[in-house]
Amino acid sequence: MSFITVNNLWKEYGHTVVLENLNLTVEQGEFCTLVGASGCGKSTFLKMLLGQEQPTRGQLALEGRDFPGEPDRNRGIVFQRYSVFPHLTVRQNVLMGLELEQKPLLGKLFGKARRDALEKVDRMIESVGLAHAANKWPHELSGGMQQRLAIAQSFIMEPRVLLLDEPFGALDPGIRGDMHELILKLWRDTGTTIFMVTHDLHEGFYLGTRLLVFDKVRNDPQKPEAYGATITYDLPIGQNDRQTYESIESSVSETARALSA
Ligand SMILES: Nc1ncnc2c1ncn2[C@@H]1O[C@H](COP(=O)(O)OP(=O)(O)OP(=O)(O)O)[C@@H](O)[C@H]1O
């Protein structure tokens, strides 16, 4: 049995078909990168994996059972825009998830439980390269550092599935390279299954283990909402040639033009 099974999955909003007939199996520990034209439903797919949206039709299974319909601690998400708490320091931001999990009502840990949690927090902060900034406030951090913090917040919860929605999209190209190394290191250390959306086809072509291209195979210019996107390429990373890259780039650009027309 596969870790994640997607079987003839559809997502519609009213009369708009966003995703159609998605079929996919993903094993535990894979790192899938999702690319595709803007509006092709990549974030919608992540939301279904998170439990924030439900499929209209088809099956989405985790270890053979329907995905839990609500977000839970097994699934974490990092967005492009920093999602940290502005009124908490770096250390408090990372501690927060553990406190809420262990003490959902009080939101505070005490004594040994707090010391143990803080040890874990400090190890995590160190591993994302923020040890020197542990007591700083989010507004004192650069964009890259805030994103490191958001990543630490997610990994501290040890999610089995981590969803990254364009996590590096707002960062300078120089910083993105460092972030790629960071996410690959954390992924290797933890074995978390990752789905990462990116608009950068280059990024999709080398980061992780597998590239999934979301694209429309049918399009009616008179009724653009009639057909959704599906997975048109499912390729192992590192085994792709120039020609494949160019044909993906050209078909994604064509869909992007059609969607923005
Ligand atoms: N809650 C909603 N209600 C109605 N339509 C929605 C809703 N959420 C998303 N959509 C529509 O679904 C389509 C896909 O959106 P989605 O954000 O998943 O695309 P995307 O591929 O992630 O785009 P981008 O790359 O720009 O983030 C869009 O046309 C969007 O307007």
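Student: Is the crossing of H2 and H4 left-handed or right-handed?
Tutor: Right-handed, in this predicted model. The call goes that way because a clockwise turn of the near helix from the far one counts as right-handed.

Student: And what makes H2 roughly parallel or oblique to H4?
Tutor: Look at the angle. Helix H2 (residues 90-102) and helix H4 (residues 143-155) pack at about 25°, and their axes are 8 Å apart. Angles under 35 degrees count as roughly parallel, so H2 is roughly parallel to H4.

Student: Which residues of H2 and H4 make the contact?
Tutor: H2 puts in Val-90, Asn-93, Val-94 and Gly-97, while H4 supplies Leu-149, Ala-152 and Gln-153. By class that contact comes to four nonpolar, three polar and no charged residues.

Student: How do you get to three polar residues there?
Tutor: Gly is filed with the polar ones, so Gly-97 joins Asn-93 and Gln-153 in that class.

Student: Now H2 and H3. What is H2 to H3, roughly perpendicular or oblique?
Tutor: H2 and helix H3 (residues 111-127) pack at about 130°, with axes 9 Å apart. The roughly perpendicular range is 65 to 115 degrees and roughly antiparallel needs over 145, so H2 ends up oblique to H3. The crossing of H2 and H3 is right-handed.

Student: Which residues of H2 and H3 meet?
Tutor: From H2 you have Val-90, Arg-91, Val-94, Leu-95, Leu-98 and Gln-102; from H3, Ala-113, Ala-117, Leu-118, Val-121, Met-124 and Ile-125. The split is 10 nonpolar, one polar and one charged. Arg counts as charged, so the charged one is Arg-91 of H2.

Student: On to H4 and H5. How do you know whether H4 is roughly parallel or oblique to H5?
Tutor: Their axes come within 11 Å and cross at roughly 10°. With the cut-off at under 35 degrees, H4 is therefore roughly parallel to H5. Gly-144, Gln-147, Arg-148, Ile-151 and Phe-155 in H4 meet a set in H5 that includes Ile-175, Met-179 and Leu-182. Class by class, the contact has seven nonpolar, three polar and one charged.

Student: How is the protein divided into domains?
Tutor: Domain 1 takes 1-74 + 160-261, and domain 2 takes 85-158. Their C-alpha centres are 28 Å apart. The contact draws 12 residues from domain 1 and 11 residues from domain 2. On the domain 1 side, helix H5 (residues 173-190) gives the most, with six residues. That side has 10 nonpolar, one polar and one charged residues.

Student: Last one: which residues are around the ligand?
Tutor: Tyr-13, Val-18, Gly-36, Ser-38, Gly-39, Cys-40, Gly-41, Lys-42, Ser-43 and Thr-44. Helix H1 (residues 42-50) gives the most to this shell, with three residues.

Student: What makes three residues of the ligand shell nonpolar?
Tutor: Tyr, Val and Cys all count as nonpolar, so Tyr-13, Val-18 and Cys-40 go there. The shell also has six polar residues and one charged; Lys counts as charged, so that one is Lys-42.

Technical notes:
Residues are numbered from 1 along each chain as its sequence is written. This is a predicted model: local features need pLDDT of at least 70, side-chain atom pairs count only at pLDDT 80 or more; totals for chains, interfaces and linings use all residues. Domain bounds come from an automatic or database domain assignment. Two residues are in contact if their C-beta atoms, placed from the backbone, lie within 7 Å. Helices (H or I, at least four residues) and strands (E, at least two) are DSSP runs, numbered from the N terminus. Axes are lines fitted to C-alpha atoms, for helices over the stretch in contact, and angles run from 0 to 180 degrees between N-to-C directions. A residue is near a molecule or strand if its C-beta atom, placed from the backbone, lies within 6 Å of it.
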